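Hi,

Here is the structure I promised to pass on. Have a look at it first, and my notes come straight after.

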Amino acid sequence: MAMRRAIGLPRWVWRQVSSPRLAGARLPLAWLLLLSGMALGADFLASDKPLYLDTATERYWLANIVDPPGLRGRTVQELRAAQQVDARTSGILVTTPIAWGPNQQDTGYPPLMPPSSRHWLGTDLSRRDVAARLVHGARIALWVSSASVTLYLCIGVVLGVWAGFFGGAVDVVVTKLTETVIAVPAFFLLLAIRGFSRDTSEWTIVLSLGLLLWARVARLARAETIRLRGSGFVDAARALGYSNTRIMVVHILPNIAAPVVVAAVFGLAGAVRIEAALSFLGFGVDEWTPSWGGLLHQALGQTQAWWLVLAPGLALFSLVLAYNALGEFLLRVLAVGPQVHD
Amino acid sequence: MRTPVVGRLLRLALGLPLTLLLVTAITFVLLRLAPGDPAAALGAGSNLDGDAAQAWRRLQGLSEPWPVHYLNWLGRSLRLDFGASWVGGQAVRDIILQAMPKTAALTASALLVVYGLAVPLGVLAAIHDRSLALRILRPLAFGAYAVPSFWAALMLLVWASAGGSLPLRGLHSADADDLELFPWLIDSLWHLLLPVLCLSYAPLVRTIRFQQAASREILDAPHIQAARARGLEGAVLVRRHVVRNSLVPLVTLLTLDLPWIVGGSVVIERIFSIHGMGMVAFQAVLQRDLPVLLGVVTVVCVSSVAALAAGDVLLRWLNPAQRAAPAAGSWGEREYRRWP
């Protein structure tokens, strides 16, 4: 605290970030931050509306997120063409770095074209810009994986701690359920659910993933809870008259956090992979929503379209690698056992 | 003392059917209660309508309440009669029997490759821990582990379509039936090469790391140090002590991988057009073929559960120390203190 006051906040932050303690975490965290930024700011990176348009008659700010009625139905390409034709409407037009929307179809341009100066990563089957879909696809990858992991963490930890804490009949039932769910190959069941419900909203994907993958976390949480139950402080809390709920929340949860966090990070890597595999098979998000797996799905029928394979694959690979690296760092730092590594 | 073992076997015998029942019930409920009318989906391509559709529904048991349907289906399944496919009418049992060997060939080969290579490589990695080659290989292996297998397969497809002679579809060439046994085997292995490669590189990396850690632990153990002080070294040391002692954890890992054999990988089978269990399930989902999907998922689930249980029994038999430990969730855990 005194140090922070002495050297000033920015320098203090820099010291913390660059300390050797964090070796092995900086790169993955930076990359994750970058990808998250890309996902959050996707509309600023790739949009078919301009960032700033100033003609003689009107001025539009941030049309890519504001969507003003005056510009509805008109794309950046149209506006640019109009400017070149009519001196009256010419002015300043500032576009996003990738001047295409993720669902904008470039009519008049062939589908499945390799990268060119017009489309930096080529076009897909529906004449949409691949680079734009790549940038927007980060949203699905990050959001679906985070949401489903959060969901199954909640379910798994609650059930695991509950079973481990109370033991007896509750424990037997939960353990039986856990064993059943673990024994079943999740992807088959997931395929069945996804295929039959055919509901392409992201929420159903999150729900399906969450309801199928909680078992390992539950088993871990239960084992850790049982281990903690044998240590003294739970008895002490009991003697002090704390309620069961209080003991579970205040004492047990923070102490099982370490292995659960590691399992969560590796689980995030797995969830990204599963979502991509699902979209790749055609059972993920609908065809219109940009997704990395969806781009790969299109590539299956067109194996000469290497741009549809390389870019989303690299993106997926980098995300999974970042999560794995973060998980390895946490494994090392938190010194948890090998049972959490998937 | 036979009683603990018998007791454990009994517990297993009682627990296994319960798990299987739960698994099939969950699968059945999920599929049966899923939104969407199968007859409507079927009617799109076929000539069913009105009364015919109603009759068909009644025949398939769809007009009954789902518990009744489930019990009927369960009864028939116990006799291994899974009904007939809604697309084509082939008996589901036959479809599964045709598909299973293909998946098994794929995954068994992958498992063979993984465990066959991982043991020697892992031990080598543990011995030459500090060498330059390994310091370069480790990050590379880590990176390879993060590559999604279906992306690797797609890249291989793209590369092959750009000019290459590796086989990309199915498990046999078109004229494979005319071949003698030996050329047929070679042809099959040739076709297996790419899919097995894609399936196995990630588990291989994981298992090598596992084996390396286990071997390292053994090599650092005091009794090994003592043996080396006595002059025991090299291949004899490795063979006699390191490999044997690391076998039990490795078998643990193997038993966890066993369920994979029946299920396989849906994406790899899809990419390489191999008509195994995964592909059958995929097509059943695509065509909304409920009996086939139900049959495949049930068979895969049941095999997984059985494989895990068998692995559990094998482990307890292999490792005497574990015989004393109670199974998770068994009544033996009443030994722990319980809160009121």
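Below is what turned up when I went through it, chain by chain and then in a few local spots.

One thing to keep in mind throughout: this is a predicted model.

Let me start with chain A. Its fold has 15 helices and 3 strands, and the C-alpha trace spans about 85 × 60 × 35 Å along its principal axes. The chain runs to 342 residues, and 52% of them count as buried. If you look at contacts between residues at least 6 apart in sequence, 67% of those in chain A join residues at least 24 apart. The accessible surface of this chain adds up to about 15400 Å², with 66% of that belonging to carbon and sulfur atoms. As for charge, I get 29 positive and 21 negative side chains in chain A. The centres of those two sets sit 10 Å apart.

Now chain B. Here there are 15 helices and 0 strands. Of its 340 residues, 44% count as buried. Take the contacts between residues at least 6 apart in sequence again: in chain B, 72% of them join residues at least 24 apart. The surface that chain B exposes is about 18000 Å², and carbon and sulfur atoms supply 66% of it.

So which residues have the most contacts inside the largest nonpolar core? From chain A they are Phe280(A), Leu281(A) and Leu319(A), and from chain B they are Phe150(B), Ile271(B) and Val296(B). That core has 142 residues in total. The element that gives the most to it is helix α13 of chain A, residues 244–281, with 18 residues.

Last, a couple of backbone details in the loop between β3 (92–94) and α7 (130–166) of chain A, which is where you'll find Leu112(A). The phi angle of Leu112(A) is near 55°, a positive value in a residue other than glycine. Arg127(A) lies in the loop between β3 and α7 too, and its phi is near 65°, again positive in a residue that isn't glycine. Is Arg127(A) buried, partly exposed or exposed? Its relative accessible area is 32%, so Arg127(A) counts as partly exposed, because that class covers whatever falls between the under 20% of buried and the over 50% of exposed.

If you open the model yourself, the loop with Leu112(A) and helix α13 of chain A are the places in these notes to click on.

Cheers

Notes:
Residues are numbered from 1 along each chain as its sequence is written. Chains are lettered from A and ligands numbered from 1 in the order in which they are written. This is a predicted model: local features need pLDDT of at least 70, side-chain atom pairs count only at pLDDT 80 or more; totals for chains, interfaces and linings use all residues. Side-chain values use heavy atoms; hydrogens and water are left out. A nonpolar core is a set of buried Ala, Val, Leu, Ile, Met, Phe, Trp, Tyr and Cys residues joined through side-chain atoms within 4.5 Å. Buried means under 20% relative accessible area, exposed over 50%, partly exposed in between (1.4 Å probe, protein chains only). Helices (H or I, at least four residues) and strands (E, at least two) are DSSP runs, numbered from the N terminus. Contact means heavy atoms within 4.5 Å. Accessible areas come from the Shrake-Rupley method with a 1.4 Å probe; for residues, only the protein chains shown count as cover. Lys and Arg count as positive and Asp and Glu as negative; His and the chain ends are not counted. The place of a charge is taken as NZ of Lys, CZ of Arg, CG of Asp or CD of Glu.
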